[in-house]
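Biologist: I would like to learn how to read the surroundings of bound molecules in a model. Please take me through one.

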Amino acid sequence: MATPLEKWVEKQAELTRPDRIHWCDGSEEEARLIIQKGMEEEKINGNPVFYPLNNEKWPNAYFHRSHPTDVARTEHLTYVCHPEKETAGPNNNWMHPEEAKKLLTRISDGCMRGRTMYVLPYMMGHPDSRFAKACVQLTDISYVAASMRIMTRMSKKVIEKIGNSEDFVKGLHSVGDFDPEKRFIMHFPDENFVWSVGSGYGGNALLGKKCFSLRIASWLGYKEGWLAEHMVIMGVEDPDGEITYIAVAMPSACGKTNLAMMEPALAGYKVWTLGDDIAWFHIGDDGRLYAINPEIGFFGVAPGTSMRSNPNMMKTLRCNNFYPTLFTNTALNLDSMEPWWEGIDEQPGKNMLDWQGNKWNLKSGTKAAHPNSRFTVSIYNAPTLSKEFDNPQGVPVSAIIFGGRRTQLIPLVTEAFDWNHGVFIGARSGSETTAAAIHQVGVLRRDPMAMLPFCGYNMGDYFNHWISMGSKMKNPPKIFSVNWFRTDENGKFIWPGFGENIRVLKWIIDRVKNRVSGRETSVGILPHLKDIDLTGIDISDEDLRKILDVNIKEWKEELEDVKKFFNSFGKRLPAELWREYDKVYRQAL
Ligand code: GTP
Ligand code: SPV
Ligand code: MN
């Protein structure tokens with residue numbers, strides 16, 4: 001008798017008609033074969049899916065060039081298909097599940113002809129964790145199969161674990177012919193099912209990542225009393241050897257990976273990495289909030305990564321272990337067969353190809369690497385990996401931080417008065433858009449909790465859920481806002497950022513431990529200037545004052561914009577958030 005899993009795979013194969021079906025076991029040998037297939041057989045735009053790189057300098061690393069139209073998440077083609085439109089909310093594109101399936105069935109008829117269907121069994125979360133989820137994704141491209149093995153705990157044991165059960169998360173993925181007109185990323189939250197066609201790009205195609213672990217998991221969390229968030233999880237060890245766990249939400253390409261692996265500029269501090277993108281939170285028996293990272297890899301932004309900005313990531317990328325490392329849409333040095341990107345330590349070589357494979361040099365006047373070029377690499381390579389990483393219970397979080405890319409207004413750091421005010425700070429957050437999604441770059445948009453593109457249901461209900469999680473905790477984390485991105489008249493960043501951000505984290509930890517007082521303002525608690533440790537850097541008092549300033553006139557404009565945004569959720573916006581809004585607004589008058 002076929003199991004429900006086998007029947008489901010068979011049914012998808014009847015529709016998509018692959019030439020072969022390969023059930024993956026997650027082994028190292030198999031990963032090598034899959035990459036080999038990508039180098040020798042499978043093609044994108046007539047070119048191989050993978051190219052080998054210089055194995056001495058970049059051990060076990062491969063280069064991938066995507067289809068030129070397929071370089072970032074496509075939010076306008078991403079749908080959340082609840083039966084009721086209201087449940088999806090104004091924050092999601094919506095289609096009725098039946099209509100969505102009809103459309104995708106039409107597009108997918110025979111879409112895997114001539115190709116291999118890879119069956120990928122994987123866990124999101126440690127298999128021993130009661131919060132982990134067993135999942136199976138089908139895909140028709142080696143790049144996605146190889147990436148999923150780096151990003152998730154892929155193993156044939158998951159098939160045994162699923163056994164005869166119907167209870168597993170399903171993902172159906174095909175690159176189709178990469179036609180943007182036939183590209184859709186559709187979510188069916190009540191069926192634990194994601195169906196994605198036409199794209200091989202990370203967030204569109206690695207269905208365990210944003211699609212399941214955020215969009216669908218956020219809905220599960222709403223129904224079951226937990227949270228799925230777009231957050232870093234990190235431990236900060238202070239000079240006494242005490243580790244404080246912190247979770248940080250920032251929109252795409254706003255600094256999560258860099259923060260999660262930071263080499264602190266203050267002596268005696270050390271950062272331990274648990275995750276750089278996704279956190280699942282549960283309330284523990286002790287009334288604290290515990291976080292696990294459901295992933296085991298980084299899918300990180302390449303440009304700007306260097307020994308100066310993120311030495312720990314450079315070491316991670318050059319480490320040789322069980323998992324290969326992939327580079328996507330970076331430039332390529334043809335003489336040395338090394339990847340290259342803007343902001344890396346070395347100058348470009350003489351014989352360079354840009355991310356599209358065209359000859360390139362510094363005079364070309366274009367970027368060599370795509371601004372959203374990325375690496376896929378195992379978290380187990382990281383020299384900063386926390387020893388708690390595989391702890392199935394997760395780590396207790398003492399502070400939650402909301403950040404974003406704001407060139408004006410938002411102070412370097414602000415502490416919320418209490419949980420509900422913190423939820424307000426998360427909900428009113430905005431950020432200037434980046435290249436991580438296809439849209440105009442650099443425009444301010446509201447992005448509550450950095451979850452606007454990832455919340456799988458009505459954000460009004462999501463805010464309510466946040467408020468209610470706070471009331472269920474005896475010891476909720478303190479909530480903060482940060483902004484590394486204030487610029488001066490010349491457009492230069494005022495705050496040095498990266499490893500220097502420890503100075504802000506130090507203040508946050510000192511607040512959590514009641515070691516320093518703060519300055520109450522209408523928008524929250526700010527540091528006294530003297531409490532930001534500036535040993536060893538050159539930043540003027542005037543600059544520091546500027547980025548820790550509360551400009552009432554500008555805040556009023558901000559609040560008007562926040563009000564418009566809040567109004568878009570109508571009655572679903574919790575009264576608590578309007579109360580917090582009114583408090584800030586009245587004080588700002
Ligand atoms: P996703 O993977 O898209 O979710 O992005 P992320 O939030 O992990 O962003 P990441 O750490 O990859 O950083 C994105 C960009 O921001 C890179 O170009 C970094 O160089 C830049 N960046 C990161 N941290 C800082 C900082 O403290 N200051 C400044 N000025 N730039 C930063
Ligand atoms: C992001 O865009 O937030 C990323 C990359 O982390 S993706 O996996 O494409 O979502
Ligand atoms: Mn992300």
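Modeller: We go through the ligands and the metal site of this structure in turn.
Modeller: This is a predicted model, in which local features need pLDDT of at least 70, side-chain atom pairs count only at pLDDT 80 or more, and totals for chains, interfaces and linings use all residues. Residues are numbered from 1 along each chain as written, chains are lettered from A and ligands numbered from 1 in the order written, and side-chain values use heavy atoms, without hydrogens and water.

Biologist: Which residues come nearest to ligand 2?

Modeller: A residue counts as near if one of its heavy atoms lies within 4 Å of the molecule. Ligand 2 has 13 residues around it, and those that come nearest are Arg-73, Tyr-201, Gly-203, Lys-210 and Ser-252. By class, the shell holds four nonpolar, four polar and five charged residues. Here Ala, Val, Leu, Ile, Met, Phe, Trp, Tyr, Cys and Pro are nonpolar, Asp, Glu, Lys and Arg are charged, and the others, Gly among them, are polar.

Biologist: What polar contacts does ligand 2 have?

Modeller: A polar contact is a pair of N or O atoms within 3.5 Å. The side chain of Ser-252 has an N or O atom 2.5 Å from an oxygen atom of ligand 2. For Gly-203 a backbone N or O atom is 2.8 Å from a ligand oxygen, and for Arg-73 a side-chain N or O atom is 3.0 Å from one. The protein buries 98% of the 280 Å² that ligand 2 exposes when taken alone; such areas come from the Shrake-Rupley method with a 1.4 Å probe.

Biologist: Which domains supply the shell around ligand 2?

Modeller: Domain bounds come from an automatic or database assignment. Domain 1 (4-48 + 70-225) and domain 2 (228-296 + 387-588) each give at least three residues to this shell.

Biologist: Which protein atoms are donors of the manganese ion?

Modeller: Donors are N, O and S atoms within 2.8 Å of the metal (3.2 Å for Na, K and Ca); water is not among the atoms, so sites may look incomplete. For the manganese ion (ligand 3), the protein donors are Lys-210 (NZ), His-230 (NE2) and Asp-277 (OD), 2.1 to 2.6 Å away. Along the chain, their spacing is K-x19-H-x46-D.

Biologist: Where does ligand 1 lie relative to the domains?

Modeller: Ligand 1 lies between domain 2 (228-296 + 387-588) and domain 3 (298-381), because both give residues to its shell. Of the 22 residues around ligand 1, those that come nearest are Ala-253, Lys-256, Thr-257, Asn-258 and Arg-374.

Biologist: What polar contacts does ligand 1 have?

Modeller: A polar backbone atom of Gly-255 is 2.9 Å from an oxygen atom of ligand 1. Side chains contribute too: Asn-501 has an N or O atom 3.0 Å from a ligand oxygen, and Arg-405 a polar atom 3.2 Å from one. Of the 660 Å² of accessible area that ligand 1 has on its own, the protein covers 90%.

How values were computed: Polar contact = N/O pair within 3.5 Å; in protein donor to acceptor, adjacent residues only side chain to side chain.
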